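User: Please take me through this structure by question and answer, starting with any term I will need.

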Amino acid sequence: MQVPLLDLKAQYVTLRDELRKVIDEVCDSQSFILGPRVQAFEAHAAAYCGTKHAVGLSSGTDALLAALMALEVGHGDAVVTSPYTFFATAGSIVRLGAVPLFADIDPVTFNLNPVQVRCVLESPPGRFRERRLKVLMPVHLYGQCADMDPLTELAREFECQVVEDAAQAIGAEYPSRGGVKKAGAMGQIGCFSFFPSKNLGGFGDGGMAVTDDATLNEKLRALRVHGATVTYSHHLVGANFRLDALQAAVLDVKLTYLDSWHAARQAHAAYYNRAFQGTPVATPPAIFAGHALTHPHIYNQYVIRAPRRDQVREQLSAAGIGCAIYYPTPLHLQECFRSLGYRAGDFPESEKAARETLALPVYPELTEPMMRQVVDTVLGAL
Ligand SMILES: *Cc1c(COP(=O)(O)O)cnc(C)c1O
């Protein structure tokens, strides 16, 4: 039995009629950029995330760029973030002329370790000493929130803003001291991606930034239309960061199913956790599960650590089972960041994770026989 890593067709067949209808409506309107569809989706998405404002944008990468631009990050600035994430997290920082200041991850959650962040803030590596610390950018990797209370505390102490890279974590909850919060609603700005493989995926690229701050909301809205608040009147230099009406229409339909998809992914994760118990496979714990949350982890990826990971990966591929390594090279070791001066060994937990992790299929439509097959193949390889 073939088991793909992700099967978007399995989701599409269940929503085909509903989606075709709203797509037809957009086609009939011939109104494709921003407009009422985007406004409606923004209102629903803000309510879902528990923020006052949501701004539809062209991608998750552009959401990160727009967020950093809204906070006036530029040359001479530093942004503290994780080296174990998708490229866009650090790429957006460098694109604006700022530098990413990496701190190592927690080996259990793969998220920024607040203790490591403190070390970097208290004694930044020499070459970064002259930089102004502007932003702390935690990533909620794989669909579980970074430990935001201590990170927020650090941002307060070191007087910087917080931008959450919540691209993989829409709807994930965090038990903060102030009550349960959703991913993206804890920093000054939260950024999301609607790339098709995210839990809420569009029919192409799309993204969003959320905020409670009215000024930042206005700024993000201006930045996505080249900085214009009134057409052809530009107070800022922005870019074309707009969300399409077609994407908003699709996403607005899919948003109503999102919690049920999260629940299915959680059930699949629980199945794997049980099946791998007592084996050499290390399963990904939902560390906030004890706090009576509905979605302590949304499993955009279900990521194991396995001894002889590459052997397991080869056997899965040979058996027609999809799997992937997120991410094989930590960002501090990427060729294009060589000038930052980081070296192998600087972030041992990130480097170890890059050697040991493997994402298994966890999409909502998986069946039990499929998961059984995945488990048997993984264990057979060990
Ligand atoms: C997907 C992703 C992004 C980028 O989103 P795009 O929509 O592909 O531009 C940024 N950060 C993380 C952690 C992601 O997973």
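Analyst: Rings of Phe, Tyr and Trp (its six-membered ring) pair if their centres lie within 6.5 Å; planes under 30 degrees apart are stacked, over 60 edge-to-face, and the rest tilted. The model is predicted, so local features need pLDDT of at least 70 and side-chain atom pairs 80 or more, while totals for chains, interfaces and linings use all residues. Residues are numbered from 1 along each chain as its sequence is written, and side-chain values use heavy atoms, without hydrogens and water.

User: How many aromatic pairs are there by this rule?

Analyst: One pair is Phe110 with Tyr142, which is edge-to-face, with 5.4 Å between centres and 70° between planes. The count by this rule is 18.

User: How far apart in sequence are the parts that the pair of Phe110 and Tyr142 ties together?

Analyst: Helices (DSSP runs of H or I, at least four residues) and strands (E, at least two) are numbered from the N terminus. Phe110 is in the loop between strand 3 (99-102) and helix 5 (114-122), and Tyr142 is in the loop between strand 4 (132-137) and helix 6 (148-157), so the parts tied together are apart in sequence by 32 residues.

User: Which residues come nearest to the ligand?

Analyst: The shell (residues with a heavy atom within 4 Å) holds 14 residues. Helix 3 (60-70) and helix 4 (87-95) each supply at least two of them. Those that come nearest are Gly60, Thr61, Gln168, Ser193 and Lys198.

User: What distance separates a polar side-chain atom of Thr61 from an oxygen atom of the ligand?

Analyst: A polar contact here is a pair of N or O atoms within 3.5 Å. Gln168 places a polar side-chain atom 2.8 Å from a ligand oxygen, and for an N or O atom in the side chain of Lys198 the distance is 2.6 Å. For Thr61 it is 2.5 Å.

User: How much of the ligand's accessible area does the protein cover?

Analyst: Accessible areas come from the Shrake-Rupley method with a 1.4 Å probe. On its own the ligand has 380 Å² of accessible area. The part covered by the protein is 93%.

User: Where is the residue with a positive phi although it is not a glycine?

Analyst: That residue is Tyr299, with a phi of about 45°. Tyr299 lies in the loop between helix 9 (258-275) and strand 12 (302-305).

User: Which residues does a cis peptide bond join?

Analyst: Omega of this bond is about 15°. One partner, Tyr327, is in the loop between helix 10 (309-318) and helix 11 (348-356). The bond joins Tyr326 and Tyr327.

Key: Polar contact = N/O pair within 3.5 Å; in protein donor to acceptor, adjacent residues only side chain to side chain.
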